[in-house]
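Here are a few exercises to work through with the model on screen. Try each one yourself before you read the solution.

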Amino acid sequence: MNNSEINSVLFPAIAAELKNMKYDDLNLKRIREVPIFDVCSKLGISLYGIGKLTKRTKCWYHDDKHPSMHVNKKKNIYKCFVCGKGGDVIRLVQDYDNKTFIEACDWLVSEFHVVLIEDKQPSAGNSSKSYSKMNNSGTNSDQFPSAAGSKTTSSLCPLPSDLVTKCFSLNSEFCRAVVSAGYLSDTQLRHAASRYRLGCTKEGGVIFWEIDAQQQVHTGKIMYYQPDCHRDKEHHPTWIHSLMKDKLPDNYELQHCLFGLHLLCPAERKEITEMSPSENATRSQISAISALSSTEDRSVALQSAGPKKVAIVESEKTAVILSELFPDFLWLSCGGLQMFKPELLAPLVNHKVVVFPDTDETGEAYKQWLTVLQQAAKLYPFRYPLRISNLLELHATPEQKSQKIDLVDFIFEHG
Ligand SMILES: [Zn+2]
């Protein structure tokens, strides 16, 4: 399989979007679950009646003297009992607002923060339940400036950036193990380590830095790996900021950012351009961007560089390995199941984001991450719908789920 074929397996919804088949059946089903009373309210349709499940309004298809249009909350449909017209929420938006089918779907996804799902039909979940909860508070996205991402870093007191340069090394057990366990070739590992700026401690621990798109160093996580590339459980991870706590300025306050976020920066894109001829067209644009000096100018230029396809996973190891196997995507990691928070997504409002939760026996990780995406979609003005992959929920065996495997384990076991 070539890369684009692999991508269409891993990212079916995005592949469909590229082919203009924008929404598959699963996601249309999710769109049709947007509560019809909320849709009416957003469209300015006044509903009458004291029934909890059914309300009425004047039919807009015919000259209606009395409210003949019935809107049913349970079935999530509407129907006029005089002229017979009716349908689901998509049809409602199409007809009432004079939109095409796709325009109506786009509008519903954006207004009601629908998180789209990658891959096929999941086992019957309770997505519609959690759905109605999240629509209760209408967030006005206008109140957020388009550069919402910079908000999270404006008051940051970063760690000195030469720390990253000084610690850069391929000598960690992690780097050795990624190659010796057969995940990446030596060349791939060198490329990935340099892009992610992996460091090494005296004891052979790997340093995964958290550096944002403005190149500010938030902190670094030191982790220990065994030669088989699994975590060394004897050695607990430690943080650079806690090791340095006596030397930190008084105003240092820890704010996490996603591992790999610095790769959004144009200077990093330049390196990517040199690797892949297909992006050569933007070379002059990129050097122009690199010439800009102030952070503010750079973030403006960054936006004009166009949306990137961003994939978020739990572990740094997975991000590093998949960045070489699926270079069409920018692979970021949040560092752990509980570390995934809505505010981490703020810098990604202009990009196409898909998340890959790890799997487990109960589907808890998947549900937690879906909730975080729904919160983020309400908080920040994302230009593209957020997506979550249910690949592992659907295709991992019960045994794999009990081992809490992630995307790399899955790909290599199925390789
Ligand atoms: Zn009618």
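**Exercise 1.** Find how strand 12 and strand 13 are joined, and place them in their sheet.

*Solution.* Start with strand 12 (residues 352–356) and strand 13 (residues 387–389): they run parallel and two bridges join them. That's enough to call them paired, as pairing takes at least two DSSP bridges between two strands. Strands here are DSSP runs of E with at least two residues, helices are runs of H or I with at least four, and both are numbered from the N terminus. Next, look at Val355, which sits opposite Ile388 of strand 13. Now zoom out: the open sheet has five strands in the order 5-13-12-10-11, with parallel pairing. Its edges are strand 5 (116–118) and strand 11 (330–333), each of which pairs on one side only. From one strand to the next, the twist averages 30°.

A word on what you're looking at: this is a predicted model, where local features need pLDDT of at least 70, side-chain atom pairs count only at pLDDT 80 or more, and totals for chains, interfaces and linings use all residues. Residue numbers start from 1 along each chain as its sequence is written.

**Exercise 2.** Which residues of strand 7 are buried on each side, and how does strand 7 pair with strand 6 and strand 8?

*Solution.* First, burial: a residue is buried if 20 or more other C-beta atoms lie within 10 Å of its own, exposed if 12 or fewer, and partly exposed in between, with C-beta atoms placed from the backbone. In strand 7 (residues 206–211), six of its six residues are buried. Val206, Phe208 and Glu210 are on one side, with Ile207, Trp209 and Ile211 on the other.

Then the partners. Strand 6 (residues 199–200) runs antiparallel to strand 7, joined by two bridges, and Cys200 has Val206 as its bridge partner. Five residues lie between these two strands in their hairpin, and Gly204 in the turn has a positive phi of about 90°. Strand 8 (residues 217–223) also pairs with strand 7 in the antiparallel sense, over six bridges; there, Glu210 has Thr219 as its bridge partner. This hairpin has five residues between the strands too, with Gln215 at a positive phi near 70°.

**Exercise 3.** Check the span of helix 17 against its number of residues.

*Solution.* The expected span is 1.5 Å times one less than the number of residues. Helix 17 (residues 364–379) has 16 residues, so it should span 22 Å. Its end C-alpha atoms are 23 Å apart, which agrees. Its buried residues include Trp369 and Leu373.

Definitions and conventions: Axes are lines fitted to C-alpha atoms, for helices over the stretch in contact, and angles run from 0 to 180 degrees between N-to-C directions.
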